[in-house]
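Visitor: I would like to go through this model term by term. For each label, tell me what earns it.

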Amino acid sequence: MRITMVLLLFGIMMHLPVGVKSDEVVLQITGPGAEDQWSLTEAQIRGLPPVTISTFDPWDKKQRVYKGCRLVDLLEWLGVESRIKSMKVFARDEYNARIT
């Protein structure tokens with residue numbers, strides 16, 4: 001399943017862009033089938049159980065705090081967690097990674 005993101009994915013955490021309207025689509029997910037397509041708003045994502053991660057960023061040598069939902073919680077909410085073996089994620093800045 002291919003996951004296309006229009007926001008930053010950090011490990012299993014999502015950090016939503018600042019200043020986005022709560023009814024604006026901030027995450028698009030597409031899979032191999034026509035039924036495997038979702039457009040999610042900030043409000044929908046914020047409705048998932050929140051978590052916070054604090055970690056040291058080795059690139060800018062600062063402590064960073066990320067808030068959002070766990071990717072597994074999002075996939076469970078969509079009802080697809082049992083079908084996914086791996087996924088590829090894409091960010092606005094063209095960064096991409098495979099998650100297995």
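Guide: What follows is a set of short questions on a predicted model, each answered from a value and a cut-off.

Visitor: How many helices and strands are there, and in what order do they come?

Guide: The protein has 2 helices and 9 strands. Along the sequence the pattern reads β-β-β-β-β-α-β-β-α-β-β.

Visitor: How far should I trust it, in terms of pLDDT?

Guide: The average pLDDT is 76, and 77% of the residues score at least 70. Residues 1-16 stay under 50. For that stretch the model still has 74 contacts beyond four places in sequence.

Visitor: What makes Glu42 buried or exposed?

Guide: The cut-off for buried is under 20% relative accessible area. Glu42 has 10%, so Glu42 is buried.

Visitor: And what makes Arg46 buried or exposed?

Guide: Exposed means over 50%. Arg46 stands at 55%, so Arg46 counts as exposed.

Visitor: Why is the contact of Arg46 with Glu42 called a salt bridge?

Guide: The rule asks for a side-chain nitrogen of Lys or Arg within 4 Å of a carboxyl oxygen of Asp or Glu. The closest N and O atoms of Arg46 and Glu42 are 2.5 Å apart. That is within 4 Å, so the pair qualifies.

Visitor: What separates Arg46 and Glu42 in helix H1?

Guide: They are 4 residues apart in H1 (residues 42-46), and therefore separated by about one helical turn. An α-helix has 3.6 residues a turn, so residues three or four places apart point the same way.

Visitor: How many salt bridges does the rule give?

Guide: The count comes to 3. One of them joins the side chains of Asp60 and Arg64, at 2.1 Å from N to O. Asp60 has a relative accessible area of 29%. Arg64 has 31%. Partly exposed lies between under 20% and over 50%, so that label fits both Asp60 and Arg64.

Visitor: What makes Asp73 and Arg70 a salt bridge?

Guide: Their closest N and O atoms are 3.1 Å apart. The limit is 4 Å, so the pair passes. Asp73 is at 13%, under the 20% cut-off, and so counts as buried. Arg70 is at 34%, so Arg70 is partly exposed.

Visitor: Where is Arg70 along the chain?

Guide: Arg70 sits in the loop between strand S7 (62-69) and helix H2 (71-78). Pro50 is 20 residues away along the chain, yet the C-alpha atoms of Arg70 and Pro50 are separated by 7.7 Å.

Visitor: Which residues of H2 are buried?

Guide: Leu71, Asp73, Leu74, Leu75 and Leu78. Just after H2, Gly79 takes a positive phi of about 80 degrees.

Visitor: Which residues touch the most other members of the largest nonpolar core?

Guide: The core has 16 residues, and Ile29, Leu40, Leu74 and Leu78 touch the most other members. Strand S4 (25-30), strand S5 (37-41), H2 and strand S8 (87-90) each supply at least two residues. H2 gives the most, with 4. In soluble globular proteins, nonpolar side chains tend to be buried together.

Visitor: How much of the protein is buried?

Guide: Buried residues make up 35% of the 100 residues. The accessible surface comes to about 6600 Å², and 53% of that belongs to carbon and sulfur atoms.

Visitor: How do you know that S8 and S9 pair?

Guide: Pairing needs at least two bridges. S8 and S9 (residues 96-99) are joined by 4 bridges, so they pair, and they run antiparallel. In one of these, the partner of Val89 is Ala97 in S9. The two strands form a hairpin with 5 residues between them.

Visitor: What is notable about the phi of Glu94?

Guide: Glu94 is not a glycine, yet has a positive phi of about 75 degrees. Most residues other than glycine have a negative phi. Glu94 lies in the loop between S8 and S9. At 69% relative accessibility, over the 50% cut-off, Glu94 counts as exposed.

Visitor: And what is the phi of Lys61?

Guide: Lys61 has a positive phi of about 55 degrees although it is not a glycine. Lys61 is in the loop between strand S6 (50-57) and S7. Its relative accessible area is 61%, over 50%, so Lys61 is exposed.

Notes. Residues are numbered from 1 along each chain as its sequence is written. Side-chain values use heavy atoms; hydrogens and water are left out. Buried means under 20% relative accessible area, exposed over 50%, partly exposed in between (1.4 Å probe, protein chains only). Accessible areas come from the Shrake-Rupley method with a 1.4 Å probe; for residues, only the protein chains shown count as cover. A nonpolar core is a set of buried Ala, Val, Leu, Ile, Met, Phe, Trp, Tyr and Cys residues joined through side-chain atoms within 4.5 Å. pLDDT is the predictor's confidence in each residue, from 0 to 100. Contact means heavy atoms within 4.5 Å.
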